[in-house]
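This report describes selected local features of one protein structure. The sequence and the three-dimensional view are shown below for reference.

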Amino acid sequence: MRKLILQMQASVDGYVGRESEGPSWQVWDWGEDCPWDRPLQDRFNEFFAAADTILLSRKIIEGGYLDHWTQLAGLHPDEPLFAFARRIVQARNVVFSNSLAETPWPGTELATGTLPDTISELKSQPGKNIVAFGGAGFASALIAAGVVDEVEFYTNPVALGDGLRIFPEAKGNQALQLESSTAYKCGIVVTDYSIS
């Protein structure tokens with residue numbers, strides 16, 4: 001069965017961002033110039049080579065997520081660093097929304113069922129890994145629904161002091177199993193956990 005992997009940028013003090021604030025606190029703000037060292041770039045591309053379906057929240061796609069990577073993929077059609085951007089554009093992109101009746105974005109499809117039902121159906125289909133991207137609200141909803149198999153944190157060398165978290169407080173202790181942790185020269189530590 002396919003796995004659902006939630007990938008999040010995080011600060012060393014456990015926040016995934018601040019309300020209405022972009023990625024300026026991250027080592028890479030997702031522009032054309034990537035300050036990540038080559039082994040981390042390679043890991044990111046390997047991650048996307050092992051996935052063929054991306055789950056997106058309405059908010060992240062309205063914020064320009066798909067447009068941004070489509071543009072970068074077009075600007076760098078043959079560069080190995082941006083192979084992941086091409087994979088994002090070519091992947092099956094499924095949008096979750098409580099307010100849309102149809103998706104206005106080309107190359108996307110709207111999830112029509114509940115989170116658990118839709119993701120259970122996706123996991124039962126043949127294919128590669130499923131990746132989830134979105135803000136703290138979407139990530140929290142996925143975790144609360146019990147559909148996330150792994151969480152992959154890209155921990156940036158910054159302490160935000162306050163901000164958004166993804167583990168719902170009401171759920172209590174959340175058991176995680178460390179799968180791997182790798183530090184990179186640019187200061188990012190990538191840590192993979194499976195969720196029990």
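## A buried asparagine and the packing of a helix

N45 is buried (under 20% relative accessible area, with a 1.4 Å probe and protein chains only), at a relative accessible area of 10%. The structure is a predicted model, in which local features need pLDDT of at least 70, side-chain atom pairs count only at pLDDT 80 or more, and totals for chains, interfaces and linings use all residues. Residues are numbered from 1 along each chain as its sequence is written, and side-chain values use heavy atoms, with hydrogens and water left out.

N45 belongs to helix α1, residues 38–49; helices (H or I, at least four residues) and strands (E, at least two) are DSSP runs numbered from the N terminus. Its side chain takes part in the polar contacts tabulated here, a polar contact being a pair of N or O atoms within 3.5 Å, one able to donate a hydrogen and the other to accept it within protein, with residues adjacent in sequence counting only if both atoms are side-chain atoms.

| Side chain | Partner atom | Distance |
|---|---|---|
| N45 | P80 backbone oxygen | 3.2 Å |
| N45 | F84 backbone nitrogen | 2.7 Å |

Neighbours within four places in sequence aside, N45 is in contact (heavy atoms within 4.5 Å) with P80, L81, F82, A83, F84 and R87.

Helix α3 spans residues 65–75, and its buried residues are Y65, L66, W69, L72 and A73. Seen down the axis of α3, these buried residues fall within an arc of 130°, so they line one face of the helix; the arc is that of the directions from the helix axis to the C-beta atoms. Among the elements covering them are α2 (58–62), α4 (83–90) and β3 (92–96). The face turned away from the buried side of α3 carries D67, Q71 and G74, which are exposed (over 50% relative accessible area). D67 has a relative accessibility of 52%.

Two packed helices are described by the angle between their axes and the distance between the axes. The axes of α3 and α4 come within 8 Å and cross at roughly 130°, which makes α3 oblique to α4 (neither under 35 degrees, nor over 145, nor 65 to 115). Axes are lines fitted to C-alpha atoms, for helices over the stretch in contact, with angles running from 0 to 180 degrees between N-to-C directions. At this interface, Y65, L66, W69, T70 and A73 of α3 meet F84, A85, R86, I88 and V89 of α4.
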